[in-house]
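Let's take a walk through this fold, strand by strand. Have the sequence and the 3D view open as you read.

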Amino acid sequence: MTQGKILLEPGTLWKRVKQTTAHALECEALKSIPTEFEFVEQDGVKFLVRILANLNRKKAAKEQQEKQTAKTGKEFNPFLPYEQDLFVTDISETHVCILNKFNVVDYHLLIITRAFEEQESLLTLEDFTAMSACLVDFDGLVFYNGGKIAGASQQHRHLQIVPISGKEIPIAALIETVKFTEGITTIPGLPFLHAFTTFAPNETAGVTLAKYYALLEMVGIQAVDNNQQSGAYNFLATREWMLIIPRLQEEFESISINSLGFAGALLVRNTEQMQLVKDIGPMNILKNVALRI
């Protein structure tokens, strides 16, 4: 792919997000999942732990996808084509923005490639160009689940963005202890392998891509066979910083962990799993699914 022209008009994304959300709710294309939540503190981080109150909608959709896959012999792809009622805007010649159909957080967006790109291949200049264009208007947390072990549920390339930023992110307390430099470093207090860097104002997508590769190199992940990743990882980014964590396994004691877990936000299915998080400790759970230092 080539970088392509940016089609997203500055200053329009947030308005389009609200308009599409209202429309998608009205026509029932958006299937929000209600939650209850508690805070569980460990090692200086006040983890936000949500209990998914009703997974029936998502379960029914998953079963329908499996039936279609069995019938056609092809893996179901919800992004080719994507639901028009969830479409927010064109971002570039290579990416579009849609709503997350089964959202837990309001205004949860997906940044997807127009053509199929493998979720387990490394991010590209086009991905970072699209990400940067969205962050101009949408001050949020971008995340990417690099592979099934990292929590990816779809094979089609998609970054995600939720409208929380700055000090709202639970691990912000640890990030504030970092001695900010232009190089690659780590975050004191994170007891697992990771790599962290910061952004300069108005940084280009090309510079961000170079930093991304430097982060990958620090944690031992590289490109193999047509840009495929050599290992699973989670990716987090804001307007100010970027973080990568390589993964060892997808879940701990049936609790699935994706990128948001490493931002300090966990999802559990019931009160039993909530109690397990309290008993084990959320940071200890992250340590068990990531690579040890």
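## Starting in the sheet: S6 and S11

Keep in mind that this is a predicted model. A good place to start is strand S6 (residues 141-146), which is joined to strand S11 (residues 233-237) by five bridges, with the two running antiparallel. If you want one pair to click on, take Phe 143: its bridge partner in S11 is Leu 236.

## The whole sheet

Zoom out, and S6 and S11 turn out to belong to an open sheet of eight strands, in the order S3-S4-S5-S7-S6-S11-S12-S8, paired antiparallel. At the edges stand strand S3 (87-90) and strand S8 (195-198); each has a single partner strand, so one side of each is left without a neighbour in the sheet. On average, neighbouring strands here are turned by 20° against each other, direction ignored.

## The S12 end

Carry on from S11 and you reach S12: the two form a hairpin with three residues between them. They run antiparallel and are joined by five bridges, and one spot to look at is Phe 235, whose bridge partner in S12 is Ile 244. S12 also pairs with S8, again in the antiparallel sense, over four bridges. There, Thr 198 stands opposite Trp 241 of S12.

How many of the six residues in S12 are buried? Six of the six are. Both faces of the strand are covered, with Trp 241, Leu 243 and Ile 245 buried on one side and Met 242, Ile 244 and Pro 246 buried on the other.

## Helices across the sheet

Two helices are worth finding next. Helix H1 (residues 13-26) lies across S3, strand S4 (95-99) and strand S5 (109-113), and runs at about 150° to S3. Helix H3 (residues 125-137) lies across S4, S5, S6, strand S7 (158-162), S11 and strand S12 (241-246), running at about 150° to S5.

## A closer look at Val 142

Back in strand S6, pick out Val 142. Is this residue buried or exposed? Val 142 counts as buried, because its relative accessibility is 0%, and the cut-off for buried is under 20%.

So who surrounds it? Setting aside neighbours within four places in sequence, Val 142 is in contact with Met 131, Leu 135, Leu 159, Gln 160, Ile 161, Phe 235, Leu 236 and Ala 237. For a sense of scale, Val 142 and Asp 90 are 52 residues apart in sequence and 18 Å apart in space, C-alpha to C-alpha.

Note on methods:
Residues are numbered from 1 along each chain as its sequence is written. This is a predicted model: local features need pLDDT of at least 70, side-chain atom pairs count only at pLDDT 80 or more; totals for chains, interfaces and linings use all residues. Side-chain values use heavy atoms; hydrogens and water are left out. Two strands pair if DSSP finds at least two bridges between them. Axes are lines fitted to C-alpha atoms, for helices over the stretch in contact, and angles run from 0 to 180 degrees between N-to-C directions. Contact means heavy atoms within 4.5 Å. Buried means under 20% relative accessible area, exposed over 50%, partly exposed in between (1.4 Å probe, protein chains only).
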